[in-house]
Amino acid sequence: MINLIFKRYLNKTLFLCGITIFFINTMHGSYAGTGKTNINDDLFLQNRDINVNADNGKINEAEGESHNPGKNCLNSKCHGGGEEHFFAGGTIYQDPEGTGGRIGAEIKITDAHGKTETLTSDQLGNIYTKTSLNPPFTISASYKGREVKMPGEALNGGCNANGCHVVGAADRIFISIHDLDLTGTVTESGGEISYTNDIKPILDAKCISCHKKGGQRSDTPLTTYTEVTDPKLITPGDPKSLILQKLNKKSPLGTMWVNLKSMSDYKKIKDWIVKYNAQEFSTTGGVAVSDAKVKLLQNGKVKYSSITDADGKFTLNKVKAGGYKLKVSKDGYRTSVQPYQMYQRNVAPLAITLEKK
Ligand code: HEC
């Protein structure tokens, strides 16, 4: 009986110790890198011992073994600080739903100072690093000749954190072996600026992340011609149209310049509204270019190629994700060369225009 009480007492003490020391541990973590950490070293050792004891009290999970795929490993109770501090960690899957972990994918993380860490996903699809890295990070993942880049920068290393790659928020990070087709149309550029050929690509790239349904500025969507040419935003021919004032870096209203950040794009949008009266299609362009060669190159080698049909349409079959050079050419036209990043979902058809020589 006494024995039992004693055991209980001991368990309780250890449990409390675990918590207290864990707190110090967390502080230790948050000081890491300031050079002020050594004072805690004794406690740190102690912490280790207690953790081993506490293991018996089932406070800790098995150490050293990869576990908990899909969970946020960088939270304060796990690897957010202390001795087992991860600077980046997450799980890579075979599909966006997160059905199974992808084993053997290579994840490259480049930090704010250009330091690069390459990690290989383990038997659960997990990756993590204790190497000190400073956010923001640029991240890419590759697997068997496919490379997917994270479109923006990651502001912290917890890939599975809320708001990052969890099912329900943004999807899981994945690399699939099911490659998608890349389709598109090649037309003649008419030298006129039109919404479809010139303006939509700018707005799609720089504006609609906020100006669409579900975005930060969903009450002013900019995803279609009708939305963009709303009389509130644009008066054809008028340089004082609200959208131009919002984009003008010198205007007191010009809060949207930071999102555009390109004089040539600004000039294009201005000419479109003032010179071309915000037309939807150019009158001379839009003619299909047949028999044009469409090629995707990597390191100077042609990886995929196709020829446009009578309607200017083409399909490149089962293109592996990765960065390419897209080259479109035909006699009598200026060759168009541009970088192209192939992804594994939401691959939009390409609209390419060729200029006559
Ligand atoms: C990061 C989110 C974000 C991006 C990207 C963005 N906007 Fe905005 N936009 C806003 C917010 C928020 C407002 C309201 C505050 C303001 O006017 O500064 C706004 C306001 C506007 C307005 C005034 C009408 C209104 O809704 O109040 C126009 C026009 C506009 N944006 C155009 C653009 C264009 C064109 C681009 C692309 C070059 C762009 N925005 C990119 C967030 C964004």
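**A tour of the model, core first**

Select Ile-92, Ile-107, Ala-141, Ile-175, Val-186, Leu-316 and Val-328: these have the most contacts inside the largest nonpolar core, which has 41 residues. A nonpolar core is a set of buried Ala, Val, Leu, Ile, Met, Phe, Trp, Tyr and Cys residues joined through C-beta atoms within 7 Å. Domain 2 (88–174) and domain 3 (180–187 + 285–354) both contribute residues, so this core lies between them. The domain bounds come from an automatic or database domain assignment. A residue is buried if 20 or more other C-beta atoms lie within 10 Å of its own, exposed if 12 or fewer, and partly exposed in between, with C-beta atoms placed from the backbone.

This is a predicted model: local features need pLDDT of at least 70, side-chain atom pairs count only at pLDDT 80 or more, and totals for chains, interfaces and linings use all residues. Residues are numbered from 1 along each chain as its sequence is written.

Stay on Val-186. Leaving out residues up to four places away in sequence, Val-186 touches Val-289, Ala-292, Thr-308, Gly-312, Phe-314, Val-328, Ile-352 and Leu-354. Two residues are in contact if their C-beta atoms, placed from the backbone, lie within 7 Å. Next, select Ile-193, Cys-207, Leu-244 and Ala-278, which are included in a second, separate core of 15 residues.

Now show the ligand. Which residues are closest to the ligand? They are Cys-207, Cys-210, Thr-220, Thr-255 and Asn-259, out of 17 that surround the ligand (C-beta atom, placed from the backbone, within 6 Å). Helices α5 (242–247) and α6 (257–260) each supply at least two residues of this shell, and α5 gives the most, with four. Helices (H or I, at least four residues) and strands (E, at least two) are DSSP runs, numbered from the N terminus.

Go on to the loops.

- Lys-261 sits in the loop between α6 and α7 (263–274); its phi is near 50°, a positive value in a residue other than glycine. Lys-261 counts as exposed because it has 12 C-beta neighbours inside 10 Å.
- Asn-299 is in the loop between β9 (293–298) and β10 (301–307), also with phi near 50°.
- Pro-136 is in the loop between β4 (126–129) and β5 (138–143). The peptide bond from Pro-135 to Pro-136 is cis, with omega near 0°.

Finally, colour by pLDDT, the predictor's confidence in each residue, from 0 to 100. Over residues 1–63, pLDDT stays under 50. The protein averages 80, and 80% of the residues score at least 70.
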